[in-house]
Protein chains: 2
Amino acid sequence: MRRFLLSTCFGVVAAFATGGAGANDELIKMSQNPKDRVMATGDYANQRYSLLKQITPANAGKLQVAWTFSTGVLRGHEGAPLVIGDVMYVHGPFPNPVYALDLNNDAKILWKYEPKQDPNVIPVMCCDTVNRGLSYGDGKIFLHQADTTLVALDAKTGNVVWSAKNGDPSKGQTGTSAPMVIKDKVLVGISGGEFGVQCHMTAYDLKTGKQAWRAYSAGPDDQILVDPDKTTDLGKPVGKDSSVKTWDGDQWKIGGGCTWGWISYDPQLNLIYYGSGNPSTWNPKQRPGDNKWSMTIWARDPDNGVARWVYQMTPHDEWDFDGVNEMILTDQNIGGTARKLLTHFDRNGFGYTLDRTNGELLVAEKYDPKVNWASKVDMDKSSKTYGRPLVVSQYSTEQTGEDRNTKGICPAALGSKDEQPAAYSPDTGLFYVPTNHVCMDYEPFKVAYTAGQPYVGATLSMFPPAGETHMGNFIAWDGKTGKIVWSNKEQFSVWSGALATAGGVVFYGTLEGYLKAVDAKTGKELYKFKTPSGIIGDVMTYEHGGKQFVAVLSGVGGWAGIGLAAGLTNPTDGLGAVGGYAALRQYTSLGGQLTVFALPAQ
Amino acid sequence: MRRFLLSTCFGVVAAFATGGAGANDELIKMSQNPKDRVMATGDYANQRYSLLKQITPANAGKLQVAWTFSTGVLRGHEGAPLVIGDVMYVHGPFPNPVYALDLNNDAKILWKYEPKQDPNVIPVMCCDTVNRGLSYGDGKIFLHQADTTLVALDAKTGNVVWSAKNGDPSKGQTGTSAPMVIKDKVLVGISGGEFGVQCHMTAYDLKTGKQAWRAYSAGPDDQILVDPDKTTDLGKPVGKDSSVKTWDGDQWKIGGGCTWGWISYDPQLNLIYYGSGNPSTWNPKQRPGDNKWSMTIWARDPDNGVARWVYQMTPHDEWDFDGVNEMILTDQNIGGTARKLLTHFDRNGFGYTLDRTNGELLVAEKYDPKVNWASKVDMDKSSKTYGRPLVVSQYSTEQTGEDRNTKGICPAALGSKDEQPAAYSPDTGLFYVPTNHVCMDYEPFKVAYTAGQPYVGATLSMFPPAGETHMGNFIAWDGKTGKIVWSNKEQFSVWSGALATAGGVVFYGTLEGYLKAVDAKTGKELYKFKTPSGIIGDVMTYEHGGKQFVAVLSGVGGWAGIGLAAGLTNPTDGLGAVGGYAALRQYTSLGGQLTVFALPAQ
């Protein structure tokens, strides 16, 4: 009796899906249809820019809530729903329910999938029980469960087509990232940097779930899939054993470098891009060396996983400046020359622009003026420290030493930005970046590794920069020059993903729960609405029935909201993870809701 | 730094609160201020009618969501928030958080109270972990916790002023009802009819929490607080041992008659009104007799608890037609005579109108034409069965007998209406009644009593009336004549409390999650909005900053939503409690959110 209402896109997919690489062509095409949203990142370039333009600076103030939906789960809701034709796919944190909602029928639930998972995975999820979203390809919806199971669901029925186990939660390996369908494969990262996991990017066959390749972030060349002669680092071949020689003994086996961030893809170059996370432990004294290739931008061939180039942003991390943040691919002119660019806002507070064809470093500037741990990134190609941050001794936790407190480091461990993805508008040529404006005191200590147990090795406290009270900014950034164009203060970190639109309106959410619309050119606030809970989800837009909708998941949590999510009430709880966010409980409480906005009927 | 913004009402309360009975005068006054809502029932008369009239049939279609708030709890959200001046008090189901929200500051959380309760109370809550709301008096907010603790919170700080233990969850006694402040006392009922609790209404001193009186529903005269000579039943004194002589031996000690519904109060008559619930067990063969005073409307003196009159609607219950539904007090003309009326929509499917001064039965008519278990209520004063329902043998589960199935009884055990309160508009003279349009098969079985264990003794299955597919109606009822004026079909039971307004708009919520506004005169739908989760809360309205707001809690659950709330997926789960509501999961999922509506700015 229940009508099933999928768009004609499915028919088209079916036609393309017979050839492996064809699925890629179709996904590219589908991702270019602004009415839909077929991947968690919006598009392969991770621009999170939509061609929809019904909502403009002139009318955004009239936005209304169109409809709402509860996910039935509390705690941190990262990511965003997908929309394919007349169906919206909504996900949630552990236990990771997936709902298919009928947009033609008041969001009636076409199907629900909820995996059975061992709740013992919860304590090994470092930073809340989050899940960053679904992906689509070949008629299937892909879910990366908390327990690392990658499951392929029939988009029409929710039935499991195949599933693959990507890791082992008993060893601290967990799943939080959105999978990404690239050509005939599904790529998925892994979390566990605070548990000494040797992390990897893994590709599974789209049709069968069979593992195609796995590339670790640290280890021998055949594990990290580098070609010593062809894989380059700032233009030079990385050479043999580029990773293992930067670790003390076998430490790379428990070395972190996790891969829980977003994945980008350039179909023309046939390269994927993603970042690897912090080296384990957080105590730098315990792991001498550059700890390659943690904290690294990776460019890999999606067909075999082999790396084309690498760039390590924070050699020998001393601050947990996990390098997983997204790589935004744009084509812009620099100095009159058209360049294929990759822009990345790292946890370490530097906004990097590179040539994505070869990894050439073009720009590296602080996107929060309070960043103090490094004076700059050395841009002198003739220098021995070319491309490396010049660490300020006062803020070196290595130099301060174990069991001693390094005070006033900016940014804090959660970075000037964490997973919350930025957006880019080709109309303005600006990046819209949700940022954390937070500093920290950091005290490393010796920690022994035990599989499945926390392997953190530092405590910290977090607070706004001296003399300030706000903990976040939403900024517009010129990636060609490395300059802030405008900046809006926010009381708390902006932990929500941004959305840019052709209408000239940029959207983001706040930890207090506001959905905000601002003018892309000036940052002027056009609209705000208080959703049921704090927003750490990514704003998305779609068109249905001729109307543009804007949707966002509420549900406070994630690292910034871990105090509320896990019931930690003191700033010092969770080795200091709660910090200044303890005040959040004055503004919001746990939730798990989708709020969908639209302009009123004329 | 945090501003504290309570209305001037608090000052007035303080002035009155020195004299005990004064608190009553003040609450009456406060309850007459339509900007506020000082009691869960809206007013003492339980009319749930508001004098606010900005929202009219002409503009209701333009309503928008103004703001939202997550309670941080899932499962069934019954009741409604209070508003006193600039502060809104929001409650939730177990673990029963209470939030004070600053309406002048974007609903910032002024304080939160969340009791520590033993989660073992959850399995002894028959019909979800619901809580029906807070009460206010003497500068204190009163919360009736799931574990039966009645706690008085300082309205300004949330600090506990006093607390009293009203029952023992280990014996199946739980708290779900809203307390009611009457004069210098706080009155509170108790739940546990499915666990053989001897239920009671208890009054506590407003200032100290000391127990003032306790009146059981069944038992010896000194326990049920009746005066054999003065307490009347249909105009005649009840006589000595009116309760115990209607039970077999000591069965009244485990006889139910619970008191988890709403309480009404007539200050002029100085009488409170409430209903007592089903006798325990649900197997009628096991408890011969009328089982007085289960299933009874009680009129009691709030000062000492002594009963003025009683009326038993369903002697010797065979269907779980629990009599707790609210008593709505109105003054209307019948036959040209001004009468002080009490109208009650019983689970048994009859809408009763009585003279509330003396309990005279004026009207008893079916408010769902499908009701079939009784042909009528005998209105012949000369008859031996005067005032009693005339049971249809075919639907008598007693006559069918133990372990045998009586088919097609209408209504089902959850009644033509359950706790979901109706509203009354003096403008139209109509009652607006959220109803269940559900029938059942019922099979009693022998059950042994063990303290703290279920003492149900029947299984059932529930379904719409033969030949129909909808399970609810929202009706307008003329209480003087006992006739349906208009009726709107709903797919599921309307388990939300109604609100009538002077603007001529009536509001209610649906189990799918819609907030609906209809024309009070015609029932025509003026507006609907899909909130995040199914609505079993009671719609309320308040005025702030010169603007009328309408608010409702979402959060599917309660009996009708127990399948979703407790994870029961088959219609036969929970001894059949899930029934036809199993289809609800196609429409909504668990939640816990407040949605606040208003007209757009001009």
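Which residue of β24(A) stands opposite Thr353(A)? I looked up the bridge partners and found Val363(A). This is a predicted model, and I keep that in mind throughout.

**Entry 1: the hairpin**

I followed the two strands outward from that pair. β23 covers residues 350-355 of chain A, and β24 covers residues 360-366. The strands run antiparallel and are joined by 6 bridges. The hairpin has 4 residues between its strands. I checked phi there and noted that Gly359(A) takes a positive value near 80°.

**Entry 2: confidence**

Next I checked how far to trust the model. Chain A has a mean pLDDT of 94. In that chain, 96% of the residues reach 70 or more. I marked residues 1-21 of chain A, where the pLDDT is below 50. Beyond near neighbours in sequence, this stretch still has 45 contacts in the model. For the complex, the predictor gives an ipTM of 0.92 and a pTM of 0.94.

**Entry 3: chain A overall**

I counted 5 helices and 40 strands in chain A. Its C-alpha trace spans about 65 × 55 × 50 Å along the principal axes. Of its 602 residues, 68% are buried. I then took the contacts with a separation of 6 or more; residues 24 or more positions apart account for 62% of them.

**Entry 4: an open sheet**

In what order do the strands of the 5-stranded open sheet in chain A run? I read β1-β34-β35-β36-β37, with mixed pairing. β1 (49-50) and β37 (525-530) of chain A stand at the edges. Each has a single partner strand, so one side of each is left without a neighbour in the sheet. I also looked at the step from β34 (residues 499-501) to β35 (residues 505-509) in chain A, which is antiparallel with 2 bridges. There, Ala500(A) has Val506(A) as its bridge partner.

**Entry 5: aromatic rings**

A search of the whole structure gave me 54 aromatic pairs over all chains. I picked out Phe350(A) and Tyr352(A), whose centres are 6.2 Å apart. Their planes make an angle of 50°, so I logged the pair as tilted; the tilted class lies between the limits of 30 and 60 degrees. Both Phe350(A) and Tyr352(A) are buried. I then turned to Trp282(B) and Tyr442(B), a stacked pair at 6.4 Å with 15° between the planes. This pair links distant parts of the chain, 160 residues apart. Trp282(B) lies in the loop between β18 (271-275) and β19 (296-300) of chain B, while Tyr442(B) belongs to strand β30 (residues 439-444) of that chain. I found both Trp282(B) and Tyr442(B) buried.

Back in chain A, I noted one aromatic cluster that includes Phe350(A) and Tyr352(A). Its other members are Tyr311(A), Trp319(A), Phe321(A) and Trp373(A).

I searched for charges over rings too. Lys528(A) lies over the face of Tyr514(A), 4.4 Å from the ring centre. In chain B, the charged end of Lys516(B) sits over the ring of Tyr514(B), at 5.8 Å from its centre.

**Entry 6: the core**

Which members of the largest nonpolar core touch the most other members? I got Tyr581(A), Tyr311(B) and Tyr581(B), out of 111 residues. I listed the contacts of Tyr581(A), leaving aside neighbours within four places in sequence; among them are Leu414(A), Met462(A), Phe492(A) and Ala560(A).

**Entry 7: backbone oddities**

Most residues other than glycine have a negative phi, and most peptide bonds are trans, so I searched for exceptions. Lys292(A) and Trp293(A) are joined by a cis peptide bond, with omega about -10°. Trp293(A) is in the loop between β18 (271-275) and β19 (296-300) of chain A. A cis bond also joins Phe94(B) and Pro95(B), with omega about 10°. Pro95(B) lies in the loop between β4 (87-91) and β5 (98-102) of chain B.

For positive phi, I noted Asp138(B), near 55°. Asp138(B) sits in the loop between β7 (135-137) and β8 (140-144) of chain B. Its relative accessible area is 15%, so I count Asp138(B) as buried. Leu225(B) also has a phi near 55°. I placed Leu225(B) in the loop between α3 (221-224) and β15 (232-233) of chain B. At 17% relative accessibility, Leu225(B) counts as buried.

Note on methods:
Residues numbered from 1 in each chain as written. Chains lettered and ligands numbered in written order. Predicted model: local features only at pLDDT ≥ 70, side-chain atom pairs only at ≥ 80, totals over all residues. Heavy atoms only, no water. Phe/Tyr/Trp six-rings, centres within 6.5 Å; stacked < 30°, edge-to-face > 60°. Buried < 20%, exposed > 50% of the residue type's maximum accessible area, 1.4 Å probe, protein only. Lys NZ or Arg CZ within 6 Å of the ring centre and 35° of its normal. pLDDT = per-residue confidence, 0-100. Contact = heavy atoms within 4.5 Å. Pairing = 2+ DSSP bridges. Core = buried A, V, L, I, M, F, W, Y, C linked by side-chain atoms within 4.5 Å.
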